[in-house]
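User: Please choose one part of this structure and examine it closely. I would like one connected account that also shows how that part fits into its surroundings.

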Amino acid sequence: MLIATNNRGHAVKRPSKPAIGTMLANLRRGDHLILERQDEDREGDWYIQVLFRDNNTYQLEYRDGVAAEHYQTLTASQDKARQALLDWAAGKPDWQDGFMWNNIGAMFAAPIIEATDRPTP
């Protein structure tokens with residue numbers, strides 16, 4: 001099931017295209033919108049989110065199940081951000097096209113703890 005949530009806690013289950021567009025258009029600077037795909041048969045986190053930044057750009061991020069598959073891009077176009085959200089929600093295979101995505105998964109990886117030969121006191 002698809003769920004759209006904004007930073008004010010407003011959540012819409014199975015949002016329509018117009019609902020997603022309205023939620024995006026209503027973002028104020030510093031606000032965000034998350035579209036999350038929840039499926040009991042699928043492990044991990046599957047979502048796309050957009051942050052309307054203070055400089056009037058849209059920061060898009062998506063995660064494909066695991067932290068290592070977390071990507072980010074920026075656009076000044078609300079239309080491009082809306083189309084990415086709608087295409088992702090529809091499961092279109094080429095929804096990422098038209099953006100330069102950076103893998104930021106390392107920012108979310110669990111820290112590596114090295115074992116030592118000595119017990120801690």
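Analyst: Helices and strands are taken here as runs in the DSSP assignment, with at least four residues (H or I) for a helix and at least two (E) for a strand, numbered from the N terminus. On this basis, the chain has 2 helices and 7 strands, and the model is a predicted one. Along the sequence, these elements follow the pattern β-β-α-β-β-β-β-α-β. The chain has 121 residues, and 36% of them count as buried. Among contacts with a separation of 6 or more, those between residues 24 or more positions apart account for 44%.

The part chosen for a close look is the group of aromatic rings around Y62. Y62, Y71, W95, F99 and W101 form one aromatic cluster. In the whole structure, a search finds 6 aromatic pairs. One of them is the stacked pair of Y62 and Y71, with 5.0 Å from centre to centre and 20 degrees between the planes. Both of these tyrosines are buried. Y62 also pairs with W101: their ring centres are 4.9 Å apart and their planes lie at 85 degrees, so this pair is edge-to-face. That second pair links distant parts of the chain, since Y62 belongs to strand β5 and W101 to the loop between α2 and β7, 39 residues apart. Taking under 20% relative accessible area as the cut-off for a buried residue, Y62 qualifies because its value is 5%. W101 is also buried, because its relative accessible area is 18%.

T73 provides another view of this region. This threonine lies in strand β6 and counts as buried because its relative accessibility is 5%. Its side chain reaches the backbone oxygen of M100 at 2.9 Å. Beyond its neighbours within four places in sequence, T73 is in contact with Y58, Q59, L60, F99, M100 and W101. F99 and W101 thus appear in this list of contacts and also belong to the aromatic cluster.

Strand β5, which carries Y62, leads to the neighbouring strands. It pairs with β4 in the antiparallel sense over 8 bridges; in this pairing, the partner of Q49 is E61. The hairpin of β4 and β5 has 5 residues between the strands, and N56 takes a positive phi near 65 degrees there. On its other pairing, β4 meets β3, also in the antiparallel sense, over 5 bridges. Here the bridge partner of I34 is Q49. Because 6 of the 8 residues of β4 are buried, this strand is largely enclosed by the rest of the structure.

Helix α2 completes the setting. Its buried residues are A81, A84, L85, L86, D87 and W88. They pack against β1, α1, β3, β4, β5 and β6, a list that includes the strand of Y62 and the strand of T73. At the start of the helix, a side-chain oxygen of S77 comes to within 3.3 Å of the backbone nitrogen of D79. The helix is followed by G91, whose phi is positive, near 75 degrees. The length of α2 can be checked as well: at 1.5 Å a residue, its 13 residues should span 18 Å, and the end C-alpha atoms are 18 Å apart, which agrees.

Conventions. Residues are numbered from 1 along each chain as its sequence is written. This is a predicted model: local features need pLDDT of at least 70, side-chain atom pairs count only at pLDDT 80 or more; totals for chains, interfaces and linings use all residues. Side-chain values use heavy atoms; hydrogens and water are left out. The expected span of a helix is 1.5 Å times one less than its number of residues. Buried means under 20% relative accessible area, exposed over 50%, partly exposed in between (1.4 Å probe, protein chains only). Contact means heavy atoms within 4.5 Å. A polar contact is a pair of N or O atoms within 3.5 Å; within protein, one must be able to donate a hydrogen and the other to accept it, and residues adjacent in sequence count only if both atoms are side-chain atoms. Two strands pair if DSSP finds at least two bridges between them. Rings of Phe, Tyr and Trp (its six-membered ring) pair if their centres lie within 6.5 Å; planes under 30 degrees apart count as stacked, over 60 as edge-to-face and the rest as tilted.
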